[in-house]
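Trainee: I would like to go through this model and ask how each label is earned.
Mentor: Good. Ask about the reasoning, and we will set values against cut-offs.

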Amino acid sequence: MSTDNLRYPIGPFEEICDPSAEQRGNWMKEIGRMPSRLRKAVEDLSEDQLAVPYRPGGWTIRQVVHHLADNDMNSYIRFKKAMTEENPAASTYRQNMWAELNDYEAPIEASLVLIEALRSRFSVLLEGMQALDFARTFTSPTNGLMTLDTAIQRFEWHGRHHLAQINSLKKRMGW
């Protein structure tokens with residue numbers, strides 16, 4: 001399996017321009033379902049298995065779970081800022097450096113609970129948004145001007161992307 005296939009088992013992010021209300025609704029459902037899927041994917045893994053990188057040179061499963069919690073926090077704040085400010089600047093974070101901090105060695109349960117709680121709140125926020133709200137923008141340091149239509153797609157893809165990395169590793173290892 002190529003490094004790209006290991007890194008992007010569902011393929012790279014591909015934006016859908018002018019998504020329909022049905023597409024948005026499907027992304028919202030997937031956002032809400034992801035925490036239980038993640039918990040199921042990691043529930044029977046040992047500490048040794050959690051320490052295995054999903055690909056050569058990649059993060060361990062433990063790091064991926066903690067990264068998902070960090071990303072969810074950042075994404076939730078970006079959405080709230082975009083909903084309450086005119087084109088706010090989104091903060092960036094050095095995810096590779098964050099993955100090296102000592103809290104990424106902690107048990108994953110706290111991050112699983114955090115993801116569940118954040119996505120519960122996020123789902124309420126998303127469900128209350130009107131079609132015009134998805135045209136609101138923020139400026140990302142890495143992606144430039146971004147609408148919430150694009151951001152919801154990226155957020156939903158991001159969760160599936162990392163979940164697929166974990167499940168791909170489990171399949172390859174026969175876990």
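**Labels and the values behind them**

Mentor: This is a predicted model. The largest pocket has a volume of about 810 Å³.

Trainee: Which residues lie nearest the centre of the largest pocket?
Mentor: His67, Asn71, Tyr93, Gln95 and His158. The lining has 29 residues. Helix H4 (61-84), helix H5 (95-98), strand S1 (137-140) and H7 each give two or more residues to the lining.

Trainee: Which element gives the most to that lining?
Mentor: H7, with eight residues.

Trainee: How does the lining of the largest pocket divide by class?
Mentor: There are 10 nonpolar, 15 polar and four charged residues. Tyr counts as nonpolar. Gly counts as polar.

Trainee: What makes glutamine 153 buried or exposed?
Mentor: Its relative accessibility is 4%. Buried means under 20%. Therefore glutamine 153 counts as buried. Glutamine 153 lies in helix H7 (residues 148-173).

Trainee: What does glutamine 153 touch, leaving out residues up to four places away in sequence?
Mentor: Phe13, Glu14, Glu15, Ile16, Pro19 and Trp27. Contact here means heavy atoms within 4.5 Å.

Trainee: How do you know that the side chain of glutamine 153 makes a polar contact with the backbone oxygen of aspartate 149?
Mentor: The side chain of glutamine 153 reaches that oxygen at 3.1 Å. The cut-off is a pair of N or O atoms within 3.5 Å, one able to donate a hydrogen and the other to accept it. So the pair counts as a polar contact.

Trainee: Serine 168 also lies in helix H7. Why is serine 168 called buried?
Mentor: Because its relative accessibility is 13%, and buried means under 20%. The C-alpha atoms of serine 168 and tyrosine 54 are separated by 7.8 Å. Along the chain these two residues are 114 residues apart.

Trainee: Why is aspartate 44 called exposed?
Mentor: Its relative accessibility is 68%, and exposed means over 50%. So aspartate 44 counts as exposed. Aspartate 44 lies in the loop between helix H2 (21-42) and helix H3 (47-50).

Trainee: How far apart are aspartate 44 and histidine 67?
Mentor: They are 23 residues apart in sequence and 20 Å apart in space, C-alpha to C-alpha. His67 is one of the residues nearest the centre of the largest pocket.

Trainee: What is notable about phi of aspartate 18?
Mentor: Phi of aspartate 18 is near 50°, a positive value in a residue other than glycine. Most residues other than glycine have a negative phi. Aspartate 18 is found in the loop between helix H1 (3-7) and H2. Aspartate 18 has a relative accessible area of 74%, so it is exposed.

Trainee: And what makes asparagine 87 partly exposed?
Mentor: Its relative accessibility is 35%. Partly exposed lies between 20% and 50%. So asparagine 87 counts as partly exposed. Phi of asparagine 87 is near 45°, a positive value. Asparagine 87 is found in the loop between H4 and H5.

Trainee: How do you know that S1 and S2 pair?
Mentor: Four bridges join S1 to strand S2 (residues 144-147). Pairing needs at least two bridges. So the two strands pair. They run antiparallel, and a hairpin joins S1 to S2 through three residues.

Trainee: Which residue stands opposite threonine 137?
Mentor: Threonine 147 in S2.

Methods
Residues are numbered from 1 along each chain as its sequence is written. This is a predicted model: local features need pLDDT of at least 70, side-chain atom pairs count only at pLDDT 80 or more; totals for chains, interfaces and linings use all residues. Side-chain values use heavy atoms; hydrogens and water are left out. Buried means under 20% relative accessible area, exposed over 50%, partly exposed in between (1.4 Å probe, protein chains only). On a 1 Å grid over the protein atoms alone, a cavity is a set of points where a 1.4 Å probe fits but cannot get out, and a pocket is an open set with protein on both sides within 12 Å along at least five of seven lines; lining residues have an atom within 4 Å of a point. Grid points are joined across faces, edges and corners, and a volume is the space filled by probe spheres set on the points.
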